[in-house]
Amino acid sequence: MKNKEIIKADFLLLMTAFIWGFAFVFQRIGLEFVGPITFVFFRFLISSSVFILLFKLFATKSKKLRDSSNDHYAILLGLIMVIGMILQQIGLQYTTVARAGFVTSLYIIFVPILGLFISIKTDLFTWFGVSIALVGFYLLANISPEEFLLGDILMFISSILWAVHVLIISRIAKRISVIRVMAIQFTTVTIMSGILMIIFETWTFSELSGALYSLLFVAIVSSCIGFSLQVLAQRKAPPAHSALLLSMEAIFASVGGWFILNQYLTAFEVLGCLLILVGGLTSQAKLFKNN
């Protein structure tokens, strides 16, 4: 039963990675019409509205949904998310989708390292899988250190924030209501990004209509569905293991960039994808050993 639960969690994590990977493409398209902070604001205005509606519908039926003991974590997650999302969105203006996926996925290093400071240990299979995947990420992004751009630096900072986000989720996933934590988290992002948008950016309804399809995808599919799947999966999966599987968004970002934005993959980049997959399978070696 335990192995079945882990396999289910892995499937949810891979689905999340698939969604988040393709979200990079739609985030990049959205930038053609509105500014990065404006995009983040309207994305989470839609997402928070969905979860506030769900909260209103089910609040009287669920005791867990009415439990406010973890609201401070939800607010903290929202503050981390708004900074990470804005940095990521700005960074996409200055780098390719594949590079963005690569640098963001570096949180697979930070999760186990930061986890050591809060007594979360990572098994050797996962460390080995992370090492293999890192080589794959490097080949996939096809970049050298001297070629790092402003966008890559912003993505790098956001990857540290996503590592902290994953660790906090792993701490509270089993005792929270997904609907409640998402409603509070997304509302926090909406308020903070809204304030920043008023200060730094302007937009028109014609520009917003141009970004509408991209906004709907990232708001409903990436935010509402993707982040909910992440929480559900992390109820069973350890944080470093979760980070490794979630980092496969780099593969899906590259594939999405290839098919939608015509950012073609070279032989080395395809090899990078294969190594990332091998890294993910290596992290599962303990599971296969137990069967």
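A crossing of two helices is called left-handed if the near helix is turned anticlockwise from the far one by less than a right angle, and right-handed if clockwise. With that in hand, let's look at α2 and α9: α2 passes α9 in a left-handed crossing. Before going further, please note that this is a predicted model, in which local features need pLDDT of at least 70, side-chain atom pairs count only at pLDDT 80 or more, and totals for chains, interfaces and linings use all residues. Residues are numbered from 1 along each chain as its sequence is written, and side-chain values use heavy atoms, with hydrogens and water left out.

Helices here are DSSP runs of H or I with at least four residues, numbered from the N terminus. Helix α2 spans residues 36-58, and its axis comes within 7 Å of that of α9, crossing at roughly 150°. Each axis is a line fitted to C-alpha atoms over the stretch in contact, and angles run from 0 to 180 degrees between N-to-C directions. Angles over 145 degrees count as roughly antiparallel, and α2 and α9 are therefore roughly antiparallel to each other. Their contact has 20 nonpolar, seven polar and one charged residues; here Ala, Val, Leu, Ile, Met, Phe, Trp, Tyr, Cys and Pro count as nonpolar, Asp, Glu, Lys and Arg as charged, and the others, Gly among them, as polar.

Now let's walk along α9 itself. Serine 193 sits in this helix, which covers residues 178-200. Serine 193 has a relative accessible area of 0%, so it is buried (under 20% relative accessible area, with a 1.4 Å probe and protein chains only). Leaving aside neighbours within four places in sequence, serine 193 is in contact (heavy atoms within 4.5 Å) with Ile37, Val40, Phe41, Val82 and Ile86.

Phenylalanine 186 also belongs to α9, and its 0% relative accessibility makes it buried. Its C-alpha atom lies 9.8 Å from that of valine 50, although the two are 136 residues apart along the chain. Not counting residues up to four places away in sequence, phenylalanine 186 touches eight residues listed here in full: Phe44, Ser47, Ser48, Phe51, Met81, Ser223, Cys224 and Phe227.

Next comes methionine 182, whose contacts beyond four places in sequence are Phe51, Thr187, Phe227, Ser228 and Val231. One of these partners, serine 228, is in helix α11 (residues 212-234) and counts as buried at 12% relative accessibility. With the same sequence neighbours left aside, serine 228 is in contact with Phe51, Val178, Met182 and Ser223.

Methods
Helix = DSSP H or I, 4+ residues; strand = E, 2+ residues; numbered from the N terminus. Buried < 20%, exposed > 50% of the residue type's maximum accessible area, 1.4 Å probe, protein only. Parallel < 35°, antiparallel > 145°, perpendicular 65-115°, else oblique.
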